[in-house]
Amino acid sequence: RTAWACIRGVAGAGSGVHRWDPASGRWGPALACRPEATALAASRDGRWLAACCGREVLAWRLDAPDRLAFRCDLGPACPPLAVALSHDGAYIAATDA
């Protein structure tokens, strides 16, 4: 099992969106998300991860997390505060409320 978290300055990990491996007790490298993420969502099938980062919504395929798969800039008027993915990751929803 793997968990994902938005962290700020955790010892040995630094800030960002990181993978946590409970078996080893270690944080993995951060995904590209600047400024820091304010919300995360994973698809039910475990293939996608989405994050609200500043005024953008970002998404990664978890079989290739080193490459950003989707980016949408929502502009300065409505920075996203929450994000959700459909069960298969085909749809992303974000809100500023």
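In this predicted model, the largest nonpolar core is built from 10 residues: V17, L31, C33, A37, L49, A51, C53, L58, W60 and L62. Two elements, β5 and β6, each give two or more residues to this core. The largest share comes from β5, which supplies 3 residues. Apart from this core lies another one, made of 9 residues, among them A41, W48, A50 and A59. Seeing such residues grouped like this fits a broad pattern: in soluble globular proteins, nonpolar side chains tend to be buried together.

Now for the sheet. Four strands make up an open sheet, lined up in the order β4-β5-β6-β7 and paired in the antiparallel sense. The edge positions go to β4 and β7; each has just a single partner strand, so one side of each is left without a neighbour in the sheet. Going from one strand to the next, the twist averages 15°. As a general point about regular strands, the side chains alternate between the two faces of the sheet.

The pairing of β5 with β6 is antiparallel and runs over 6 bridges. Within this pair, A50 sits opposite A59 of β6, and both of these alanines belong to the 9-residue core. The two strands form a hairpin with 2 residues between them, where G54 takes a positive phi near 65°. On to the next pair: β6 and β7 are also joined in the antiparallel sense, here over 5 bridges. One of the matched positions is W60, whose bridge partner in β7 is L68. This W60 is a member of the 10-residue core as well. The hairpin of β6 and β7 has 6 residues between the strands.

How enclosed is β6 by the rest of the structure? Of its 6 residues, 5 are buried, so the strand is largely enclosed. A nice residue to look at here is E56, which lies in β6. With a relative accessible area of 15%, E56 counts as buried because the cut-off for that label is under 20%. Setting aside neighbours within four places in sequence, E56 touches A51, R71, C72, D73 and P80. Of these contacts, A51 is part of the largest nonpolar core, while D73 turns up again below as a salt-bridge partner of R55.

Over in strand β4, which covers residues 37–42, sits A41. At 11% relative accessibility, A41 is buried too. Its contacts, again leaving out neighbours within four places in sequence, are W48, L49, A50, V83, A84 and L85. Two of these, W48 and A50, are in the 9-residue core along with A41, whereas L49 is listed in the largest core. A41 can also be placed relative to G89: the two are 48 residues apart in sequence, and their C-alpha atoms are 9.9 Å apart in space.

That leaves the charged side chains. How many salt bridges does the structure hold? There are 4. In one of them, R55 and D73 meet through their side chains, with an N to O distance of 2.9 Å. This pair ties together distant parts of the chain, since R55 is in the loop between β5 (48–53) and β6 (56–61) while D73 is in strand β7 (residues 68–73), and the two are 18 residues apart. Both ends are partly exposed: R55 has a relative accessible area of 37%, and D73 has one of 40%.

Another salt bridge joins D63 to R61, where the closest N and O atoms are 3.1 Å apart. Are its two residues buried, partly exposed or exposed? D63 is exposed, at 60% relative accessible area, and R61 is partly exposed, at 31%. Then there is the bridge between R47 and D45, with 3.8 Å from N to O. Both of these residues are partly exposed, R47 at 43% relative accessibility and D45 at 35%.

Key:
Residues numbered from 1 in each chain as written. Predicted model: local features only at pLDDT ≥ 70, side-chain atom pairs only at ≥ 80, totals over all residues. Heavy atoms only, no water. Buried < 20%, exposed > 50% of the residue type's maximum accessible area, 1.4 Å probe, protein only. Contact = heavy atoms within 4.5 Å. Pairing = 2+ DSSP bridges. Axes fitted to C-alpha atoms, helices over the stretch in contact; angles between N-to-C directions. Core = buried A, V, L, I, M, F, W, Y, C linked by side-chain atoms within 4.5 Å.
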